[in-house]
Amino acid sequence: MKVTTAALPLLPLFQRLLPDLPGIPGLPAIPGLPSIPGLSDVAALPGRLTGLSLTLLKASALEAAILAGHLLLYPSGIVQERRPSQAVRPTDAHAPQPSPPAPRLPAPASPPVVLLHGFIDNRSVFLLLRRSLAQHGRREIESLNYSPLTCDIRTAAELLDRHVEEICERTGSERVDVVGHSLGGLIARYYVQRLGGDRRVRTLVTLGTPHAGTKVVPLANAHPIVRQMRPGSPVMEELTRPAPGCRTRFVSFWSDLDHVMDPLETACLDHPDLTVENVRVSGIGHLALPVHPAVATGIRQALDTAEPETGTETATGTDTGPGKPAGGLTVA
């Protein structure tokens with residue numbers, strides 16, 4: 001390979017694009033060329049950019065397909081989910097008999113699962129995840145729709161509080177598991193940390209949730225709930241306050257191609273008082289997190305891991321501990 005000083009002005013750009021590229025062993029020194037950190041990385045640039053562009057292309061195509069499918073399903077999720085009716089009494093001989101349940105895989109008794117969608121969305125986003133959970137033994141799965149006109153995370157958290165209490169009363173369960181996508185995870189976290197929801201929520205799984213606030217799309221600040229999701233907002237400040245004795249276990253899935261998280265690491269949960277497992281997902285974007293089958297498998301494993309020991313290996317292949325970053329899933 002021939003390198004000339006004409007390439008020097010481009011080196012800062014290469015270093016910014018690929019700051020962590022390893023050097024190339026055995027690259028010969030170039031007489032008369034000053035020693036510049038990262039120069040050896042230039043040789044690997046075309047291959048690395050090609051791999052990155054292919055990954056981005058696949059993830060973008062998947063996001064577009066999911067968005068199209070979700071737009072078709074969106075009307076079906078506008079209406080609030082119907083609650084299970086009372087069981088038919090045995091003495092009512094003329095009452096219609098319920099249809100036989102779909103086949104389920106054997107599983108130990110588990111708490112109900114509550115699904116909470118993201119901003120300007122509804123429960124239809126969880127269609128595939130619900131099916132996956134049901135097929136693997138989860139018998140109580142419910143989605144909560146909050147209004148797209150909701151302007152306060154606190155108000156939505158209070159609605160979640162009432163919803164969870166109703167589920168516990170109806171099912172006889174002391175606790176529930178919650179899965180929240182994007183804003184839904186933030187609402188559930190506020191409920192757990194600030195409204196005493198840790199007494200009810202055993203495990204909270206968040207998918208692409210801006211735990212430290214996101215700076216994406218500044219023009220969206222016209223919506224009050226978007227302003228609450230900004231770094232440094234009063235709601236974000238409340239969530240940084242101490243939460244001693246919190247009984248809820250947190251599992252945060254975050255994607256390295258999530259265009260809604262700015263910066264990407266904002267979807268990692270880091271709080272000294274919380275038991276947290278951060279799971280990195282590679283190869284998919286924000287919309288794919290509640291849809292992709294590999295992520296659904298990770299969610300099931302997270303919910304089935306009841307009370308992990310701090311610092312031990314779990315079914316998702318990651319380490320647990322308060323605010324500790326962990327390994328993750330490669331799904332594309």
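Here are three short exercises on the empty spaces and the nonpolar cores of this predicted model.

**Exercise 1.** Find the largest pocket and describe what lines it.

*Solution.* Start with the space itself: the largest pocket holds about 590 Å³. Next, look at the walls, where you'll find 24 lining residues. Phe119, Ile120, Ser182, Val260 and His286 are the ones nearest the centre. Now sort the lining by type: 15 residues are nonpolar, seven are polar and two are charged. Finally, check where they come from: helix H2 (residues 45-73) gives the largest share, three residues.

**Exercise 2.** How many cavities of 30 Å³ or more are there, and which residues line the largest cavity?

*Solution.* Count first: there's one cavity of 30 Å³ or more. Its volume is about 50 Å³ for the largest cavity. Then go round the wall: His117, Phe119, Ile120, Asp121, Tyr146, Ser147, Pro148, Thr150, Leu183 and Ile225 line this cavity. Sorted by type, that lining has six nonpolar residues, three polar and one charged.

**Exercise 3.** Track down the largest nonpolar core and pick out the contacts of Leu160.

*Solution.* The largest core has 34 residues, and Ile153, Leu160, Val176, Leu183, Ile187 and Phe250 have the most contacts inside it. Several elements supply at least two residues each to this core, including strand S1 (113-116), helix H4 (153-171) and helix H5 (183-194). Now zoom in on Leu160: skip its neighbours within four places in sequence, and you're left with contacts to Val114, Leu116, Leu144, Ile187, Ala188 and Tyr191. Last step: another core, of 24 residues, lies apart from the largest one, with Val125, Ile141, Ile284 and Ala288 among them.

Technical notes. Residues are numbered from 1 along each chain as its sequence is written. This is a predicted model: local features need pLDDT of at least 70, side-chain atom pairs count only at pLDDT 80 or more; totals for chains, interfaces and linings use all residues. Side-chain values use heavy atoms; hydrogens and water are left out. On a 1 Å grid over the protein atoms alone, a cavity is a set of points where a 1.4 Å probe fits but cannot get out, and a pocket is an open set with protein on both sides within 12 Å along at least five of seven lines; lining residues have an atom within 4 Å of a point. Grid points are joined across faces, edges and corners, and a volume is the space filled by probe spheres set on the points. Helices (H or I, at least four residues) and strands (E, at least two) are DSSP runs, numbered from the N terminus. Ala, Val, Leu, Ile, Met, Phe, Trp, Tyr, Cys and Pro count as nonpolar, Asp, Glu, Lys and Arg as charged, and the others, Gly among them, as polar. A nonpolar core is a set of buried Ala, Val, Leu, Ile, Met, Phe, Trp, Tyr and Cys residues joined through side-chain atoms within 4.5 Å. Buried means under 20% relative accessible area, exposed over 50%, partly exposed in between (1.4 Å probe, protein chains only). Contact means heavy atoms within 4.5 Å.
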